[in-house]
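Reader: I have a structure open and would like to go through it piece by piece. Can I just ask things as they come up?

Author: Go ahead.

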Amino acid sequence: MTSVMSRVVIPRFLRLTRANRAYIDADAARARVVERSVRPLDYGPPRRLRGVAVSVVVTDGWPVYTLRPVDRASRGGLVYAHGGGWVGEIAPQHWQLAARLAAQVGLTVTVPIYPLIPSGTAAQVIPRVAQLVTASRANHGPTFLAGDSAGGQIALSTALHLRDTGQQAPPRTVLIAPALDLTLENPQIELVQPRDPWLGKPGGLVFGALWSGELSMRDPMVSPLFGDFTGLGPLTVFTGTDDILNPDARLLLGKARAAGVEVDFHEGHGLVHVYPLTPSREGAAARRHIVTALRADLRRSLSAGRGDGSAGWSAE
């Protein structure tokens, strides 16, 4: 049975705080973009992140943070793209998940603070995130991709870009409530919308159009659901049925499996957008599953000697 926290408390909180106000109204979405441009939010990590050492470098204008476990040697890497509708900065729950993956899996986690709309676009960001994956693989060994919501779009589009440029697929890409088709044309969205206390189509289209820039909304760099999934590594996908992005997640499941891609699919009945990041029983279970899955994949990758393609990474 769904917990009271997920079934009642979180949806009520989202409605009381009008979390969806910039998503259900296009004018409010445009105002949000202007407000965030004039008054950017802080993006720095919390002062205390358990189990990790934090460092940052600025490369070509991007702050890129690195989280390393303090009580063990890192044996792999992960690049995490945060959500926020391409207009919101990284939040504490993103940092906490990144720190948990670093500390409990034994990964060096790279967290890019990518440019947001209207300055940032998919065409700018996806190749740069792919470069971070390549650098992590060379420096730290097998490197995973992960992201939530808008960051899930970035993660999956990056995986496709790596494949399309002839590079090694990540050993797993973790997608938490990913944005997959920014046209939001799936007719099932209208059926889910009344249950979703967070996201909405009018504002989502505003954000998506700005993020697409000069690219078509159907370009896989913008909407990865339109890509060819052949040759991608395994996917782990979390989606809640009270999330307007859920219908596209179901399409992703069918399309990826038809292309021979392994999909570890988790659909939470009655759960909201990005439920694995929420302080709920279901969120905690999802986070434990991510840790367990990445540990198993890391062991397999190290045993197979998969790293930067030349350095003899091993499980020893």
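Reader: Which residue is the bridge partner of Thr 59 in E2?

Author: Thr 59 has Trp 62 as its bridge partner in E2. Keep in mind that this is a predicted model.

Reader: How many bridges are there between E1 and E2, and in which sense do they pair?

Author: Strand E1, residues 52-59, pairs with E2 over 8 bridges, in the antiparallel sense.

Reader: How many residues sit between the strands in that hairpin?

Author: The hairpin of E1 and E2 has 2 residues between the strands. Asp 60 is found in that loop, and its phi is positive, about 50 degrees, although Asp 60 is not a glycine.

Reader: Is Asp 60 buried or exposed?

Author: Asp 60 has a relative accessible area of 67%, so it counts as exposed; the cut-off for that word is over 50%.

Reader: And strand E2, how many of its residues are buried?

Author: In E2, residues 62-69, 7 of the 8 residues are buried, so the strand is largely enclosed by the rest of the structure.

Reader: What does E2 join besides E1?

Author: E2 is also joined to strand E4, residues 108-112, by 4 bridges, and those two run antiparallel. Across that pairing, Leu 67 stands opposite Val 109 in E4.

Reader: What's the order of the strands in the sheet?

Author: The order is E1-E2-E4-E3-E5-E6-E7-E8, which makes an open sheet of 8 strands with mixed pairing. E1 and strand E8 (263-268) are the edge strands, and each of them pairs on one side only. From one strand to the next, the twist averages 15 degrees.

Reader: Mixed, ok. Which way do E7 and E8 run, parallel or antiparallel?

Author: Parallel: 6 bridges join strand E7, residues 235-240, to E8. One facing pair there is Leu 235 and Val 263, the latter in E8.

Reader: Changing topic. Where is the cis peptide bond?

Author: The cis bond joins Ile 117 and Pro 118, with omega about 10 degrees. Pro 118 lies in the loop between E4 and helix H4 (122-140).

Reader: Back to positive phi for a second. What is phi for Val 274?

Author: Phi of Val 274 is near 45 degrees, again a positive value in a residue other than glycine. Val 274 is in the loop between E8 and helix H9 (281-303).

Reader: Buried or exposed, that one? I mean Val 274.

Author: Val 274 counts as buried, because its relative accessibility is 7% and buried means under 20%.

Reader: Now empty space. How much of it lies in the largest pocket?

Author: The largest pocket holds about 740 Å³. Its lining has 30 residues, and Leu 14, Ala 19, Gly 84, Gln 93 and Trp 198 lie nearest the centre. Helix H1 (4-16), helix H2 (26-38) and helix H3 (92-106) are the elements that give two or more residues to this lining.

Reader: Which of them has the largest share?

Author: H1 has the largest share of the pocket lining, with 3 residues.

Reader: How do the pocket's lining residues divide into nonpolar, polar and charged?

Author: The pocket lining has 14 nonpolar, 10 polar and 6 charged residues.

Reader: What about cavities, how many of 30 Å³ or more?

Author: A search of the whole structure finds 2. The largest cavity has about 180 Å³ of space. Its lining is made of 16 residues, with Tyr 23, Trp 86, Ala 179, Gly 204 and Leu 245 nearest its centre. Helix H7, residues 201-212, gives the most to that lining, 3 residues. By type, the lining of the largest cavity has 10 nonpolar, 5 polar and 1 charged.

Reader: And which residues line the second largest cavity?

Author: That cavity is lined by Ser 6, Ile 10, Leu 271, Val 272, Tyr 275 and Thr 278. About 30 Å³ of space lies in the second largest cavity. Its lining has 4 nonpolar residues, 2 polar and no charged.

Reader: Last thing. What does the UniProt annotation cover?

Author: The UniProt record, an unreviewed entry, gives "domain: Alpha/beta hydrolase fold-3" for residues 78-275. In this model, that span is 39% helix and 16% strand, and its end C-alpha atoms lie 21 Å apart.

Technical notes
Residues are numbered from 1 along each chain as its sequence is written. This is a predicted model: local features need pLDDT of at least 70, side-chain atom pairs count only at pLDDT 80 or more; totals for chains, interfaces and linings use all residues. Side-chain values use heavy atoms; hydrogens and water are left out. On a 1 Å grid over the protein atoms alone, a cavity is a set of points where a 1.4 Å probe fits but cannot get out, and a pocket is an open set with protein on both sides within 12 Å along at least five of seven lines; lining residues have an atom within 4 Å of a point. Grid points are joined across faces, edges and corners, and a volume is the space filled by probe spheres set on the points. Ala, Val, Leu, Ile, Met, Phe, Trp, Tyr, Cys and Pro count as nonpolar, Asp, Glu, Lys and Arg as charged, and the others, Gly among them, as polar. Buried means under 20% relative accessible area, exposed over 50%, partly exposed in between (1.4 Å probe, protein chains only). Two strands pair if DSSP finds at least two bridges between them. Axes are lines fitted to C-alpha atoms, for helices over the stretch in contact, and angles run from 0 to 180 degrees between N-to-C directions. UniProt positions are given in the numbering used here, feature names are shortened, and annotations may be inferred rather than shown by experiment.
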